[in-house]
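Colleague: I'm new to this, and I'd like to know where the words people use for a model come from. Please take me through one, and expect me to keep asking why.

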Amino acid sequence: RYQTFDGFGAAITGASSYNLLRMPAERRTKLLKETFSVKDGMGYSYVRVPIGGSDFNARSNYDYTCCDTKGIENFSLTSDEVDYIIPVLKEILAINPDLKVMGTPWSCPRWMKVADVHKKTPYDGWVGGYLNPDYYQDYATYFVKWIQAFEAEGIHITSVTVENEPLNWGNSMSLYMPWDQERDFVKLALGPAFKKAGLDTKIICFDHNYNYDNKQDQQQYPLKIYADAEASQYIDGAAYHSYGGSPTELDVIHKAAPDKNLYFTEQSIGTWNYQSFGQSLMSEMKNTCIATVMRWCKAVIVWNFMLDDQGGPHGGPGACATCYGAVDVSSKDYSTLTKRSHFFVIGHLSKAFKTGSTRIGTSGYLPTNVSAVAAENPDGSFGLVLLNEGSNGVNLTIDDGNRH
């Protein structure tokens with residue numbers, strides 16, 4: 001018996017919410033039931049939402065946080081949350097009340113940024129910059145206020161990651177946060193603030209690529225943070241993306257820190273990697289799904305749930321202009337859907353492995369090119385996901401000791 005699964009899903013960004021709310025209500029409800037209903041659909045069970053803006057907001061080329069006026073007392077949710085993301089989450093929760101929600105910031109407010117953490121020279125830009133240590137407490141309060149604002153709407157925040165892609169300086173909204181700065185922020189401010197506020201929201205570190213963007217001093221980023229006992233006490237585990245490196249890095253991290261959890265939190269599809277539906281379906285089931293759950297990930301969450309047929313709305317320079325959603329909707333009628341490979345591979349996992357299921361071992365003969373991962377569901381049933389990369393069909397006997 002191995003890890004327990006929290007769930008599988010996609011990101012409900014401002015852009016995804018915007019597109020969903022442009023759909024006729026009946027069509028949107030049908031799609032959301034097909035996606036999120038445990039009884040009548042695929043049972044998607046974990047979504048990721050931005051804390052403030054991202055590179056996919058409801059309004060194109062619009063970067064923001066929830067406290068753009070200096071002073072943490074000026075925190076307030078914006079139209080992206082109030083008019084788009086929250087209504088969509090409420091509709092999903094009505095379908096699947098056990099939905100788990102992960103929050104992730106792309107940037108702190110600009111007034112909290114500096115060009116250098118030692119000189120503390122102000123940095124007035126959405127792209128890059130560092131978090132000013134003088135504002136650690138205010139930024140921790142920002143997280144707490146955001147979580148509490150969603151809780152007030154009946155939306156429980158299961159987890160947060162400290163920063164989306166902390167080693168990516170070039171996104172349309174970003175904040176550069178090397179491991180020692182993330183460690184200090186969690187240890188000195190974020191963890192104590194969650195404890196003081198009585199929040200049970202899990203804090204997850206890193207949230208970036210397997211290869212640490214090839215930065216030698218950032219290798220094994222989570223392990224460096226775990227080495228500090230004061231910081232480690234507040235951290236549930238680490239999250240990974242797959243835009244660089246190999247999922248074998250998950251083995252390295254789990255072996256070194258088996259008491260910490262692992263999550264897969266982002267992979268996008270787009271014109272650069274989507275050769276055909278069939279090829280993408282196979283490669284994503286192998287690399288995004290099986291390769292991560294076999295390496296201790298408790299959740300698999302892909303990027304935008306829905307974009308339009310122009311890949312939008314997306315942000316300005318640095319944002320992906322060639323991305324697909326798990327589902328793409330026509331910008332002409334907001335009714336015609338193109339369901340991409342992500343929609344089905346995540347649906348396949350969530351249908352087979354329910355929230356609370358535990359991965360179990362398999363043994364016996366498997367034909368060449370066939371891989372398998374299994375779990376025992378909370379109701380005692382078994383889920384089995386099989387991938388055949390060969391060109392020939394195969395017959396298999398599945399035996400649980402009592403039935404076959």
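Modeller: Contact means heavy atoms within 4.5 Å. Directions come from axes, which are lines fitted to C-alpha atoms (for helices, over the stretch in contact), and angles run from 0 to 180 degrees between N-to-C directions. With that in hand, look at helix α9 (residues 277-293), which lies across β16, β17 and β18 and runs at about 135° to β18. This is a predicted model: local features need pLDDT of at least 70, side-chain atom pairs count only at pLDDT 80 or more, and totals for chains, interfaces and linings use all residues. Residues are numbered from 1 along each chain as its sequence is written, and side-chain values use heavy atoms, with hydrogens and water left out.

Colleague: What makes something a helix or a strand here?

Modeller: Both are DSSP runs, numbered from the N terminus: helices are H or I with at least four residues, strands are E with at least two.

Colleague: How do you know that β17 and β18 pair?

Modeller: Two strands pair if DSSP finds at least two bridges between them. Strand β17 (residues 370-376) and β18 have seven bridges, in the antiparallel sense, so by that rule they count as a pair. Val 370, for instance, has Asn 388 in β18 as its bridge partner, and Ala 372 stands opposite Leu 386. The hairpin has five residues between the strands, and there Gly 380 takes a positive phi near 90°.

Colleague: Which strands stand at the edges of that sheet, and why?

Modeller: It's an open, antiparallel sheet in the order β16-β17-β18. β16 (358-360) and β18 each have a single partner strand, so one side of each is left without a neighbour in the sheet, and those two are the edges. Ignoring direction, neighbouring strands are turned by 30° against each other on average.

Colleague: What do the side chains do along β18?

Modeller: They alternate. In a regular strand, the side chains switch between the two faces of the sheet. In β18 (residues 382-388), Gly 383, Val 385 and Leu 387 point to one face and are buried (under 20% relative accessible area; exposed is over 50%, partly exposed in between, with a 1.4 Å probe and protein chains only). Phe 382, Leu 384, Leu 386 and Asn 388 point to the other face and are not buried.

Colleague: Why is Ser 54 called buried?

Modeller: Its relative accessibility is 0%, so Ser 54 meets the cut-off. Ser 54 is in the loop between β2 (46-51) and α3 (79-95). Leaving aside neighbours within four places in sequence, Ser 54 is in contact with Asp 63, Trp 106, Ser 172, Met 173 and Trp 303.

Colleague: How far is the side chain of Ser 54 from the backbone nitrogen of Phe 56?

Modeller: A polar atom of that side chain lies 3.0 Å from the nitrogen. A polar contact is a pair of N or O atoms within 3.5 Å; within protein, one must be able to donate a hydrogen and the other to accept it, and residues adjacent in sequence count only if both atoms are side-chain atoms.

Colleague: How do you know that Cys 320 and Cys 323 form a disulfide?

Modeller: Their sulfur atoms are 2.1 Å apart, and a disulfide is a pair of cysteine sulfur atoms within 2.5 Å, so they qualify. The angle about the S-S bond is 115°, and the link is right-handed. Cys 320 and Cys 323 are both buried. Cys 205 is in no disulfide, with the nearest cysteine sulfur, that of Cys 297, 13 Å away. A search of the whole structure finds one disulfide.

Colleague: What makes α1 roughly perpendicular to α3?

Modeller: The axes come within 9 Å and cross at roughly 75°. That crossing makes α1 roughly perpendicular to α3. The cut-offs are under 35 degrees for roughly parallel, over 145 for roughly antiparallel, 65 to 115 for roughly perpendicular, and oblique for the rest. Among the residues that meet are Gly 14 and Ser 17 in α1, and Asp 80 and Val 88 in α3.

Colleague: Which residues of α1 are buried?

Modeller: In α1 (residues 14-22), they are Gly 14, Ala 15, Ser 16, Ser 17, Asn 19 and Leu 20. Their cover includes β1 (7-11), α2 (25-36), α3, β11 (297-304), β12 (306-308) and β14 (327-329).
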